Amino acid sequence: MDDVRAVVTGIGSCLPPDVVSNDDLSKVLDTSHEWIHSRTGIARRHVVKPGVSTGDLATAAGAAALESAGRRACDLVLLATTTPDQPCPATAPQVAARLGCAGVPAFDLAAVCSGFVYGIETASALIRSGLYETVLLIGAETYSTIVDPTDRNTAVLFGDGAAAVVLERGSATTPGAVLHTRLGSDGTRPDLITVPGGGSRAPRPGPDGPSTYFRMEGKEVYTRAVATMTASAREVAETAGWRPEEVDAFVGHQANARILRAVAKRLGLPRERVVCHMGEVGNTAAASIPLALSWAASRGDLTAGDRVLLTAFGGGLTWGSAAMTWPQVRPVTALEPASPAL
Ligand code: ACO
């Protein structure tokens, strides 16, 4: 049991084809490319067409990951998302059915931007326990459906997308093994990153009630993200027995390039080991880490056996890190979201 690990055997992604640049946003908001890019590293983001859902992106990314792993099925589907297709039921069972995995357990996992790392630990534990052999873990979001298009504090930050990994039973020495994980939460400040209205506390807020749009206290989140991600990543790297200079790729939640560089500096990690993908896609919440992994692997920036350190921080507040090695995989990219008829 001690040597048994979940091992990543496939990775796939799906970005909706429509792209919104910072210049496009500056035509409708009091903002500029210079402001957005210098503060965040974001230059553009992909957005879904009206009617295209998180489940459509998740299905396409899930199919791509299964293809990458050379699998036609899995025995568990986990969908990390903050933007499900509807409040009830969960989106994961529909995704599983559309992938031809009907009948297997499938559930949504809500940990906002930490969702993928929460999913990695959950999938790892379930595989190591012997309950499941092959888990499909998807991170998928359509933040364009929850941000207030008139709020320049948040509308410029987010993008839509999905990416997925297949995890299977293997050993700690197999490239792709998830070696150590650690999660955390602090529920005393849910107000820092929130959609305050529309849930059971305020189901149908009127015009003066809490907003049903996403809200974030950016400055406070920034400070907490740097401190928490640094502590979390350091703890997991140390547990894995890695010195900072032995980490080949640092893949943090892609909210802000300045946050990732600040964390890397505190960890003593060389700047060139920091994977920054937010320039092309913005903050895609639960999809951001697997999208960054897929992108880096497609560019040849990740090779089999590399030591990869994942870390995330997000609403809840939630956070977590994972130490893994990179597998021998060929990422597969889906060019279009899956149609509901799939
Ligand atoms: N264009 C131009 N000006 C803007 C914009 C914009 N899009 N947005 C805000 N401003 C203004 C503000 O109004 C403010 O003006 P003021 O000084 O006159 O009040 C000024 O720019 C500076 O704003 P700051 O908040 O100080 O900007 P900061 O450098 O902190 O950057 C940002 C803001 C990018 C949001 C940053 O704080 C950040 O990245 N925060 C963390 C985000 C994060 O980590 N999220 C992860 C979790 S998200 C999740 O879980 C879903």
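## A two-domain protein and its ligand

The domain assignment splits the protein chain into domain 1 (4–177) and domain 2 (178–325), with bounds that come from an automatic or database assignment. Bear in mind that this is a predicted model, in which local features need pLDDT of at least 70 and side-chain atom pairs count only at pLDDT 80 or more, while totals for chains, interfaces and linings use all residues. Residues are numbered from 1 along each chain as its sequence is written, and side-chain values use heavy atoms, leaving out hydrogens and water.

**How the domains meet**

- The centres of domain 1 and domain 2, taken over C-alpha atoms, are 14 Å apart.
- Their contact (heavy atoms within 4.5 Å) takes 53 residues from domain 1 and 47 residues from domain 2.
- Together the two domains bury about 3800 Å², 63% of it on carbon and sulfur atoms; buried area is the accessible area (1.4 Å probe) that two parts lose on being put together, summed over both.
- On the domain 1 side, C113, V117 and Y118 lose the most area to domain 2, together 16% of what that side buries.

**Around the ligand**

- The ligand is surrounded by 29 residues, and the closest are T31, R39, C113, K219 and N256; a residue counts as near if one of its heavy atoms lies within 4 Å.
- Domain 1 and domain 2 each give at least three residues to this shell.
- Among the helices and strands (DSSP runs: H or I of at least four residues, E of at least two, numbered from the N terminus), α7 (218–239) is one that supplies at least two shell residues, and α7 gives the most, with four.
- By type, the shell has 15 nonpolar, nine polar and five charged residues; here Asp, Glu, Lys and Arg count as charged, Ala, Val, Leu, Ile, Met, Phe, Trp, Tyr, Cys and Pro as nonpolar, and the others, Gly among them, as polar.

**Atom by atom**

- An N or O atom in the side chain of K219 is 2.5 Å from an oxygen atom of the ligand.
- A polar side-chain atom of N256 lies 2.7 Å from a ligand oxygen atom.
- A backbone N or O atom of G218 lies 3.0 Å from a nitrogen atom of the ligand.

**Backbone surprises**

- Most residues other than glycine have a negative phi, and most peptide bonds are trans.
- Yet a cis peptide bond joins C88 and P89, with omega about 0 degrees.
- The bond from G316 to L317 is also cis, with omega near -5 degrees.
- V112 has a positive phi, near 50 degrees, and sits in the loop between β5 (106–109) and α5 (115–128).

Note on methods: Polar contact = N/O pair within 3.5 Å; in protein donor to acceptor, adjacent residues only side chain to side chain.
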